[in-house]
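This report describes selected features of the structure shown below. It takes up charged pairs, a metal site and an internal cavity in turn.

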Amino acid sequence: MASDDIWILGIAMTKFGKHSDKDIVDLGSEAAIAALADAGVTMDDIGILAAGNLMGASASFGQALQKQIGQTGIPVYNVANACATGATALRTAIMAVKAGEVKMGLAVGAEKLAGAGLLGGGGVSKKDGNKFEPRGRFGSVLPTDGRIGTDTMPGTFAQVGMEYGHKYGGVSFELFAKISEKNHAHSVLNPMAAYQKRFTLDEIMNDMMIAYPNTRPMCSANCDGAAAAVVTSGEVLRTLSKEQQRRAIKVSASVLTTDPYQEACQILPDVNTLTRNAAKLAYEQAGVSPSDLDLVELHDCFATAELVHYDNLMLCPEGGAVDFFMSGATWRDGSMPVNVSGGLESKGHPIAATGIANIWEVCHHLRNEAGDRQIKDAKVGLAHVIGLGSACGIHILERSGL
Amino acid sequence: MFAPPLIGVTIMANQIPHVDYLELGDKPHLVANECTSCGARFFDRRNACAKCFKNEFKKVPIATDGILKSFTIVAFAAPGVPVPFVAGIIDCAGTSVRGNVINTDPTPEKVSLGMKVRLATFSLGTDDEGSEAIGFGFEPA
Ligand SMILES: [Zn+2]
């Protein structure tokens, strides 16, 4: 029987950082086993596993994981959806529960990226001999990356932030660096973060330039990590213990979108419209407005990206992201704390884990278990991820009233 | 000038555009595939229109003057890509175009949002058969 209300019963993440002694299945297992324990259930209770590992998307990560955590013969969905892979895995489990096919689902995202260099960019170089021959959909005789714009992630997202500046004004190198300053300051309170170092504005601006205006600390940190969540229906939850009911987190909205056609989307990926569409739908599903949110974890893959998502998630009036940030609203003591985990810039960005780890962060606050970095009396939170290509996942989460 | 023809080598250098949407000649310019139904423009080969799903296109020339509506100065790139360079998005009379900003220093002092730019071409080198690849970028206007 289909159930309309969906709950996160258990959720866990590994510490993000360098795990040279663990492989991808070790990391996924650690998160999955911890999420099951957090939920107070075992693999016998789980009816579906949705698993993501973007860098190994052609391997059967989910099946490999089952062999280490419990090989019960349930269906596995191996998912890959760029940086939204974790959110997509979670949503896959949610859909199965919502459809009434299973009572509980497990979603896992794991990635090993420590030491990985620049992501994106490159392209196909010429093969067989030195002869110019048109190739591909642009009929190009040489690679285009670097000669006709940039394919690198830091460069792409730098342009996303600068485009916002062209449209609305008010952006500068210093402004973007200040966003990074905030997230690094937040990370000091998060023991799960890959980096817990506060930087001064000068240190950020004088660090190595990657793609103006993004310097190194303004870019998400490549690292290893995993996160996992157990989801169930309200109907099942009501049969469980009082403690399980009290700690369960309500998934008030679960939304996934792709980028709809826009004039310039073939030139610069449009990360705005799909986020705005997802946000609108999520607020509608949850019956909450942005002003109801106590905290937001958004996809700050680069400092330049965080700015535009203030606007896309409607945390501020349209075009007002610069003023909104400069008011101090998004610091942890502000009116709308954003990325109190330290964000991807300091917590790290093990791609497939990110879309569940940001939900873990929000749940942690809603359960009042976030220790030193607890946002006081948090009741409602939003988690957002975006993967280029593009895919956007948004979840709105609420404290249990049970 | 006289030179004996060499096998496999064209004596007059042929020019070949870097991408097929760059039209060379007296007045180099870009061309787009425009959907005959809704007017959406694409620089690459399309199976159908992303906007309206119809599948008839015609070639249209793109303005060579434009406004720089976004840019980044890339300091780290894939191996073989010379850095730093300025990657930009140019609004050419309503059509967005991707290209590097060239013929100026790649610094925030020399490149700014809203600056006027125009299409310029440059050589990307010659292959073993003497064909010269011509690329394009946008220079301050
Ligand atoms: Zn069309």
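Asp377(A) is partly exposed, with a relative accessible area of 45%. The model to which this value belongs is a predicted one. The side chain of Asp377(A) meets that of Arg399(A) in a salt bridge, at 3.4 Å from N to O. Arg399(A) belongs to strand S11 (residues 391–399) of chain A, whereas Asp377(A) sits in the loop between H13 and S10 of chain A; the pair thus links distant parts of the chain, 22 residues apart. Arg399(A) also counts as partly exposed, at 34% relative accessibility.

**Salt bridges**

Over all chains, the structure holds 22 salt bridges. Three of the pairs are listed here.

| Acidic residue | Basic residue | Closest N and O atoms |
|---|---|---|
| Asp377(A) | Arg399(A) | 3.4 Å |
| Glu30(A) | Lys22(A) | 3.2 Å |
| Asp224(A) | Lys112(A) | 3.9 Å |

The pair Asp224(A) and Lys112(A) links distant parts of the chain, 112 residues apart: Asp224(A) is in the loop between strand S6 (214–215) and strand S7 (225–233) of chain A, and Lys112(A) in the loop between strand S4 (104–111) and helix H4 (153–168) of chain A. Asp224(A) is buried, at a relative accessible area of 2%, while Lys112(A) is partly exposed at 32%. In the pair formed by Glu30(A) and Lys22(A), Glu30(A) is partly exposed with a relative accessible area of 34%, and Lys22(A) is partly exposed with 25%. In addition, a network of salt bridges links Asp38(A), Arg247(A), Arg367(A) and Glu369(A).

**Zinc site**

In chain B, the SG atoms of Cys35(B), Cys38(B), Cys49(B) and Cys52(B) coordinate the zinc ion at 2.3 Å. The angles among the four donor atoms run from 101 to 114°, and the site is tetrahedral. For four tetrahedral donors, the ideal angle at a metal is 109.5 degrees. Along the chain, the donors follow the spacing C-x2-C-x10-C-x2-C. Cys35(B) lies in strand S3 (residues 29–35) and Cys52(B) in the loop between strand S4 (41–42) and strand S5 (57–61) of chain B, so this pair ties together parts that are 17 residues apart in sequence. Cys35(B) is buried, with a relative accessible area of 1%; Cys52(B) likewise counts as buried, at 17%.

**Cavity**

The structure holds one cavity of 30 Å³ or more. The volume of the largest cavity is about 40 Å³. Its lining includes Glu297(A), His299(A), Asn358(A) and His384(A). Helix H13 (351–366) and strand S10 (380–387) of chain A are the elements that give two or more residues to this lining. By type, the lining residues divide into three nonpolar, five polar and two charged.

Note on methods:
Residues are numbered from 1 along each chain as its sequence is written. Chains are lettered from A and ligands numbered from 1 in the order in which they are written. This is a predicted model: local features need pLDDT of at least 70, side-chain atom pairs count only at pLDDT 80 or more; totals for chains, interfaces and linings use all residues. Side-chain values use heavy atoms; hydrogens and water are left out. Donors are N, O and S atoms within 2.8 Å of the metal (3.2 Å for Na, K and Ca); water is not among the atoms, so sites may look incomplete. Four donors count as tetrahedral if all angles lie between 85 and 135 degrees; four count as square planar and six as octahedral if opposite donors are over 155 degrees apart and all others between 65 and 115; anything else is irregular. Helices (H or I, at least four residues) and strands (E, at least two) are DSSP runs, numbered from the N terminus. Buried means under 20% relative accessible area, exposed over 50%, partly exposed in between (1.4 Å probe, protein chains only). On a 1 Å grid over the protein atoms alone, a cavity is a set of points where a 1.4 Å probe fits but cannot get out, and a pocket is an open set with protein on both sides within 12 Å along at least five of seven lines; lining residues have an atom within 4 Å of a point. Grid points are joined across faces, edges and corners, and a volume is the space filled by probe spheres set on the points. Ala, Val, Leu, Ile, Met, Phe, Trp, Tyr, Cys and Pro count as nonpolar, Asp, Glu, Lys and Arg as charged, and the others, Gly among them, as polar. A salt bridge is a side-chain nitrogen of Lys or Arg within 4 Å of a carboxyl oxygen of Asp or Glu.
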